[in-house]
Amino acid sequence: MPRWFYQLASPRWCYGITGKLLPVFAVLAAVLLLGGTVWALLFAPADYQQGNSFRIIYIHVPSAILAQSCYMLMAIAGAIGLIWKMKVADMVAKSCAPIGASMALLALATGAIWGKPTWGSWWVWDARLTSMLILLFLYFGIMALHAAIEDATTAAQSTAVLALVGLVNIPIIKYSVEWWNTLHQPATFKLTERPAMPAEMWLPLLVMVLGFYCFFAVSLMLRLRHEILARERRAGWVRELVECR
Amino acid sequence: MSEMATNKPAAALERRPGTFRAALKRDLLLAFRNRRDLVNPLVFFLMVATLFPLGVSPEPAFLAELAPGLVWVAALLATLLSMDSLFRADFEDGTLEQALLSPQPLMLVVLARVTAHWVMTGLPLTLMAPLLGLMLFLPAEGMPGLMLSLLLGTPTLSLIGAIGAALTVGLRKGGMLISLLVLPLYIPVLIFGSGAVQAAVTGLPLAGYLALLGAMLALGLVLAPLAIAAALRISVSG
């Protein structure tokens, strides 16, 4: 095992390293998101069927991707915390939940806004929409459980178990919703799927996805640093840090 | 010395079926002694089914169309509401701590608890479902599908719900929280359960739905006791 892996377990080391990484990711996120947005909104060609309304894809898709990978990270961090009793992993898992929930919410909201001009309604009981909604519910459950348990360690362990149960369930939910949908309403309206987007369209999307990941890293590190300080407030190094200010 | 060391695990393994049986017997006996509690989920089931015609429409054709989903939703909610008390009494009088400390595998004790719970709620709900089907004008062809899907689906509901009950057992305001935790996980069972009834009503083959419900039950039987045991250890020690 490399040395940094063991160092990850130390809140103090994590606080230090995130402090150094934070500006780098913040600049990256700002550049990628700004550049991607300008590229996507001004220079990418309009869709031949949907016109300009398709441009919301540049927010919608990255947030949907992030909502899912955030859950993965949360469950993995929770498992690490559960198995190796690593405090920092617990804190990462806790910090992930609100970010993932807001990303799922953003994906649903942009989906609704996009659905109105293309499908003619804000909400459709489409398989993907439904499974994203259920993912949001899973996030809500985890946040509610975290809020209900006072002891930080117990809360972290309980939510880790719940996150892992959810992780097992996510594929089941995904496929069951997909089969349910195809059984009930066989593709009445589906977004006209182009097998291959032209490069001018998907390149800005790629930039936006990367930008969203950087933004996720920034907000995760901010939350994590806050969490570290709150949980370690009795440790000597935190007191020194506070007194230096 | 070496003989003892080799014999011990074998003896423990032999005792395991005994553990399950003893725990199940105890839980069933306790439940029979508190018979009044058993009726509550059933009455709730009946009442929820009564609310739909009053709230939506008493039109038979309309209700018949909704019936598979309504009966399933009512059964799901009845199971969910009965979950909160699953470990509570054992937690409060210290039985749960003894079970955690005992050398018997906690998973088996937990599985017995869930089995007893299912015998006391899931099974009666399944047996009562045709009555609700009649009240909601479910066509007669749908009845076997309804009962079979509930028979395979309600144990899964009990297993998943027990995870939520184990996570919230130490908390004072468990009731609402448990629904938040468990309801999203119930969705696949609901989808295939009501799907089976709908298939039965329209005369389509049921086997696929029942196989999926059975698969979920098998997965739940293997994995849920692990999660329940882990959750109980966390809740009780925390």
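**Two loop residues and an interface**

In this predicted model, B:Phe137 is found in the loop of chain B that lies between helix H6 (106-135) and helix H7 (142-168). The backbone of B:Phe137 has a phi near 60°, a positive value in a residue other than glycine, and the residue counts as partly exposed because its relative accessibility of 40% falls between the limits of 20% and 50%.

A loop of chain A offers a second case: A:Lys85 has its place between helix H3 (57-84) and helix H4 (87-119), and its phi is near 50°, again a positive value in a residue other than glycine. With a relative accessible area of 57%, A:Lys85 is over the 50% limit and is therefore exposed.

From these loops we turn to the contact between the chains, which takes 26 residues from chain A and 24 residues from chain B. The area buried between the two chains is about 2,100 Å², and carbon and sulfur atoms give 85% of that area. On the side of chain B, the three residues B:Leu167, B:Leu185 and B:Ile234 supply 25% of the area that this chain buries against chain A, more than any other three residues.

Across the interface the rule finds zero salt bridges, and the count of residue pairs in polar contact, with both residues at pLDDT 80 or more, is likewise zero. The side of chain B that touches chain A draws at least two residues from each of H7, helix H8 (174-202) and helix H9 (207-237) of chain B, with H8(B) giving the most, 10 residues. By class, that side of chain B has 21 nonpolar residues, three polar residues and no charged residues.

Note on methods:
Residues are numbered from 1 along each chain as its sequence is written. Chains are lettered from A and ligands numbered from 1 in the order in which they are written. This is a predicted model: local features need pLDDT of at least 70, side-chain atom pairs count only at pLDDT 80 or more; totals for chains, interfaces and linings use all residues. Side-chain values use heavy atoms; hydrogens and water are left out. Helices (H or I, at least four residues) and strands (E, at least two) are DSSP runs, numbered from the N terminus. Buried means under 20% relative accessible area, exposed over 50%, partly exposed in between (1.4 Å probe, protein chains only). Contact means heavy atoms within 4.5 Å. Buried area is the accessible area (1.4 Å probe) that two parts lose on being put together, summed over both. A salt bridge is a side-chain nitrogen of Lys or Arg within 4 Å of a carboxyl oxygen of Asp or Glu. A polar contact is a pair of N or O atoms within 3.5 Å; within protein, one must be able to donate a hydrogen and the other to accept it, and residues adjacent in sequence count only if both atoms are side-chain atoms. Ala, Val, Leu, Ile, Met, Phe, Trp, Tyr, Cys and Pro count as nonpolar, Asp, Glu, Lys and Arg as charged, and the others, Gly among them, as polar.
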